[in-house]
Amino acid sequence: MYTAFADSYPVRRDRLAQQMQSTANAAVRLKKDTSNLFRDRIDGQNQELSVRDFNHLLEIDIENQTLVSEGMNPYGELVDATLQYGFMPMVVPQLNTITIGGAVAGIGIESTSFKFGLPHETVTEMEVLLADGSIVNCTPSNEHADLYFGLPNSYGTLGYVLKLKTPALPVKQFVKLNHKLYRDTEEFFGVIAALRNSDIDFLDGSVFGRNEYYLTIGQFTDTAPFTSDYTYLDIYYKSIPEKETDYLTVKDYIWRWDTDWFWCSKNLYVQNGFMRRLVGKKRLNSRTYTKVMRWNSKWGITNFLNRMGGYHSESVIQDIDIPIENATEFLDFLLREIGVLPIWICPVGTSDKSDQFPLFPMNPNSTYINFGFWDSVKSRQKNPPGYLNRKIERKTADLGGIKSLYSDAYYEEDEFWTIYRSENYWALKERYDPNGKFLNLYEKSVLRK
Ligand SMILES: Cc1cc2nc3c(=O)[nH]c(=O)nc-3n(C[C@H](O)[C@H](O)[C@H](O)COP(=O)(O)OP(=O)(O)OC[C@H]3O[C@@H](n4cnc5c(N)ncnc54)[C@H](O)[C@@H]3O)c2cc1C
């Protein structure tokens with residue numbers, strides 16, 4: 001059993017709780033070094049609560065294979081700490097600045113999700129700071145089970161996760177990768193469905209164009225004949241069509257998408273050798289790109305250049321989960337009507353608990369496919385705001401899917417609350433934030449307050 005910072009946790013927690021108590025009844029927001037929230041915020045009168053020092057691994061129990069972490073611990077640091085003991089969290093989102101509490105409150109995913117579901121499904125216990133400054137411990141079966149199930153996808157509108165417990169996954173030193181090309185969508189999704197209960201360790205895919213669908217299977221291994229390095233001059237996603245077999249250290253596998261933000265670093269012109277050398281290895285990561293994108297968004301540089309060139313652009317940055325039986329239709333829709341490429345594919349195996357999370361309900365008998373697509377779409381025609389995003393929202397609803405809320409959402413209020421289960425949400429709000437100290441989920445995720 002390893003414990004660190006555990007002694008000081010109650011002191012820091014109680015100090016934060018006092019701060020929360022003395023905060024007036026107005027919108028509160030977290031103050032921390034990074035964020036992966038992708039909608040721009042309309043400036044409001046928010047009161048900031050600094051949670052920067054809730055970033056420690058508190059405990060790792062090697063015998064029982066569990067870990068306890070503080071909620072604002074970025075996965076980059078959490079993984080460094082757990083790998084030393086031969087473990088990783090069961091589902092590690094690809095961007096290393098995402099925090100473990102953020103992945104629960106805002107939904108995460110990765111290539112172990114076909115086996116273990118989404119990060120919040122793996123959590124067994126959480127300590128949550130409420131609006132009135134009290135702290136509650138919630139588990140799936142105690143008196144705060146409603147909050148345990150209600151917190152995922154609540155985006156800090158019900159309380160803040162300060163500490164959580166989750167199983168830890170034993171790792172080997174390397175991951176062997178096999179990239180395989182499929183030309184037919186039915187076959188592609190059929191193979192994914194068949195692999196759902198196999199003994200492979202990791203599964204994801206990349207769509208580079210119509211009839212160009214790659215599936216990547218990963219297996220832990222103790223030895224490797226060679227290892228590739230995609231942390232500097234070589235780019236991981238470009239290797240997928242080029243190499244049938246590849247080997248990475250387990251750490252490089254976990255962060256394979258971070259160096260180039262999947263493929264989105266192309267928008268920052270850092271995918272050629274000259275620019276990569278100029279920027280330097282240390283700055284090639286999602287932390288840098290997020291800063292640049294926020295700066296760009298603040299000053300409207302890209303929008304200005306587009307307008308000068310006679311273009312209108314719409315940001316289409318979404319992760320959508322669709323039941324696998326409708327995945328072919330959704331992919332066809334994306335290729336035909338949206339046109340963002342590449343598309344990241346990640347299967348999600350739902351668990352028995354999955355439809356009990358009222359703000360992110362999934363059918364426990366289904367496998368889902370997460371489609372991740374992130375770009376700005378340019379056109380000569382001026383469309384109404386959110387034109388493509390609205391189409392995506394409607395198609396998602398038609399196909400029984402569900403959309404993550406970290407980015408832009410354009411739902412009408414009634415429609416939003418039908419999808420994200422208003423009756424459960426307002427009951428939770430009444431019990432845990434009756435005075436509305438936090439914004440509500442619609443205000444935060446659609447109205448961008
Ligand atoms: C471009 C992009 C790509 C993404 N790709 C992936 C991906 O590949 N895999 C993946 O798993 N996820 C992905 N995400 C989603 C990401 O996991 C969520 O947005 C997550 O909420 C970000 O966590 P964060 O720690 O950065 O939180 P922040 O961005 O700081 O906060 C997000 C929201 O959650 C709330 N929040 C944060 N921490 C807590 C807490 N401890 N308790 C309660 N509420 C909290 C905040 O108030 C805020 O409303 C992506 C997001 C973006 C923008």
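This passage describes the surroundings of the ligand, the second largest pocket and the position of one glutamate in a predicted model.

The ligand is surrounded by 28 residues, among which K32, S35, Q94, T99 and I109 come nearest. Sorted by class, this shell is made up of 15 nonpolar, 11 polar and two charged residues. Several polar atoms of the protein lie at short listed distances from oxygen atoms of the ligand. For Q94, a polar atom of the side chain is placed 2.3 Å from a ligand oxygen atom, while for I109 a polar atom of the backbone is placed 2.5 Å from an oxygen atom of the ligand. K444 also takes part, with an N or O atom of its side chain lying 3.1 Å from an oxygen atom of the ligand. When the ligand is taken alone it exposes 940 Å², and of this area the protein buries 97%. Two elements, helix 3 (100-106) and strand 9 (160-170), each give two or more residues to the shell around the ligand, and helix 3 provides the largest share of that shell, with four residues.

Attention turns next to the second largest pocket, which holds about 410 Å³ of space. Its lining consists of 16 residues, and those that lie nearest the centre of the pocket are N96, K251, W255, D258 and N285. The elements that contribute two or more residues to this lining are helix 2 (75-83) and helix 9 (250-254), and the largest share, amounting to three residues, comes from helix 2. With respect to class, the lining of the second largest pocket comprises eight charged residues and five polar residues, together with three nonpolar residues. For the shell around the ligand, by contrast in topic, the corresponding counts are two charged, 11 polar and 15 nonpolar residues.

A final point concerns E337, a residue that belongs to helix 13, which spans residues 327-338. The relative accessibility of E337 is 30%, and E337 is therefore classed as partly exposed, since this class covers values between the limit of 20%, under which a residue is buried, and the limit of 50%, over which a residue is exposed. In sequence, E337 and G310 are separated by 27 residues, and in space the distance between the two, taken from C-alpha to C-alpha, is 21 Å.

How values were computed: Residues numbered from 1 in each chain as written. Predicted model: local features only at pLDDT ≥ 70, side-chain atom pairs only at ≥ 80, totals over all residues. Heavy atoms only, no water. 1 Å grid on protein atoms, 1.4 Å probe; cavity = no way out; pocket = protein on both sides within 12 Å on 5 of 7 lines; lining within 4 Å. Points joined across faces, edges and corners; volume = space filled by probe spheres on them. Nonpolar A, V, L, I, M, F, W, Y, C, P; charged D, E, K, R; others polar. Near = heavy atom within 4 Å. Polar contact = N/O pair within 3.5 Å; in protein donor to acceptor, adjacent residues only side chain to side chain. Areas by Shrake-Rupley, 256 points an atom, 1.4 Å probe, with all protein chains shown as cover. Buried < 20%, exposed > 50% of the residue type's maximum accessible area, 1.4 Å probe, protein only.
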